[in-house]
Amino acid sequence: MLTAEQIMASHKATVETLFGLTSKAFEGVEKLVELNVQASKAALAETANHTQTMLGAKDAQELLALQASLMQPLAEKTAAYSRHLYDIATGTGAEVGKAFEGQAAEAQAKFMGLVDSAAKNAPAGSESAVAVMKGAVAAATNAFESVQKAVKQASEMAEANLTAVTNTAVNATKTASKKR
């Protein structure tokens with residue numbers, strides 16, 4: 001049977017975990033805001049500089065060349081921004097995932113302790129029920145680990161695809177700029 005102290009400790013741990021996860025989420029949002037502010041400042045400054053340069057163009061040929069020269073750096077900066085955004089999202093997700101994994105492992109250990117305690121105090125002949133409960137916990141643990149592996153593989157595949165798309169876009173822009 002659970003004591004009042006155990007229940008209070010469990011609630012306290014849950015609240016601490018909740019505040020920790022909330023803190024991690026706010027850190028992620030803070031990083032996103034900072035990234036967007038920096039990107040906006042840089043874009044504004046670059047737009048002002050580019051506009052000044054374009055206003056100084058002598059003819060249409062020079063204007064087209066200036067416009068074409070803007071495309072490659074723009075594609076590279078967009079790719080870098082996307083990559084940074086992805087890094088922030090995956091970093092925050094990984095931290096939340098680690099916290100969740102820790103809590104799940106702790107909860108499983110506590111539940112197994114409860115099952116073992118119940119088995120010791122159980123009446124004779126209830127061994128099969130205890131074995132069924134332990135088997136169910138083991139099956140749930142295996143299912144959880146399988147899901148974790150699948151999510152990790154999907155994340156790695158998404159990262160590889162993002163890198164490939166980014167590289168393709170930057171290379172296509174470089175090729176298009178060279179042809180002009």
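Visitor: What volume does the largest pocket have?
Guide: The largest pocket holds about 520 Å³. A pocket here is an open set of points on a 1 Å grid over the protein atoms alone, where a 1.4 Å probe fits, with protein on both sides within 12 Å along at least five of seven lines. The volume is the space filled by probe spheres set on the points, which are joined across faces, edges and corners.

Visitor: Why roll a probe at all?
Guide: Rolling a probe the size of a water molecule over the atoms shows where empty space is left.

Visitor: Okay, is this a predicted model, and what rules come with that?
Guide: This is a predicted model, where local features need pLDDT of at least 70, side-chain atom pairs count only at pLDDT 80 or more, and totals for chains, interfaces and linings use all residues. Residues are numbered from 1 along each chain as its sequence is written, and side-chain values use heavy atoms, with hydrogens and water left out.

Visitor: Back to the largest pocket: which residues lie nearest its centre?
Guide: A94, E101, V151, K152 and S155 do, out of 16 residues that line the largest pocket. To count as lining, a residue needs an atom within 4 Å of a point.

Visitor: And which helices supply the lining of the largest pocket?
Guide: α2 (60-121) and α3 (127-179) each supply at least two residues. Helices are DSSP runs of H or I with at least four residues, strands are E runs of at least two, and both are numbered from the N terminus.

Visitor: How does that lining divide into nonpolar, polar and charged?
Guide: The lining of the largest pocket has six nonpolar, five polar and five charged residues. Ala, Val, Leu, Ile, Met, Phe, Trp, Tyr, Cys and Pro count as nonpolar, Asp, Glu, Lys and Arg as charged, and the others, Gly among them, as polar.

Visitor: What about the second largest pocket, how much space lies in there?
Guide: About 410 Å³. The second largest pocket is also lined by 16 residues, with A39, A43, E46, L74 and K77 nearest its centre. The elements giving two or more residues to this lining are α1 and α2. By class, the second largest pocket is lined by nine nonpolar, five polar and two charged residues.

Visitor: Switching topic: how many helices and strands does the protein chain have?
Guide: Three helices and zero strands, so from the N terminus the elements run α-α-α.

Visitor: Tell me about α1. What does it reach from its first C-alpha to its last?
Guide: Helix α1 covers residues 4-55, which is 52 residues, and reaches 76 Å. That is close to the 76 Å expected at 1.5 Å a residue, where the expected span is 1.5 Å times one less than the number of residues.

Visitor: Which residues of α1 are buried?
Guide: A13, T17, G28, L35 and H50. Buried means under 20% relative accessible area, exposed means over 50%, and partly exposed is in between, using a 1.4 Å probe and protein chains only.

Visitor: Why does H50 count as buried?
Guide: H50 counts as buried because its relative accessibility is 15%. Leaving aside neighbours within four places in sequence, H50 is in contact (heavy atoms within 4.5 Å) with L66, Q67 and L70.

Visitor: And T92, buried or exposed?
Guide: T92 is buried, with a relative accessible area of 18%. T92 lies in helix α2 and, neighbours within four places aside, is in contact with K24, A25 and G28.

Visitor: What about G93?
Guide: G93 is in helix α2 too, but is partly exposed because its relative accessible area is 42%. G93 and G28 are 65 residues apart in sequence and 9.0 Å apart in space, C-alpha to C-alpha.

Visitor: How far apart are S10 and K110?
Guide: Their C-alpha atoms are separated by 9.9 Å, with the two positions 100 residues apart along the chain. S10 is found in helix α1 and counts as partly exposed at 33% relative accessibility.

Visitor: Last one: what are the spans of the whole chain?
Guide: Along its principal axes, the C-alpha trace spans about 95 × 30 × 10 Å. The radius of gyration, taken over C-alpha atoms, is 28 Å, while a compact globule of 180 residues would be near 16 Å by the rule of 2.2 Å times the number of residues to the power 0.38. Of the 180 residues, 11% count as buried.
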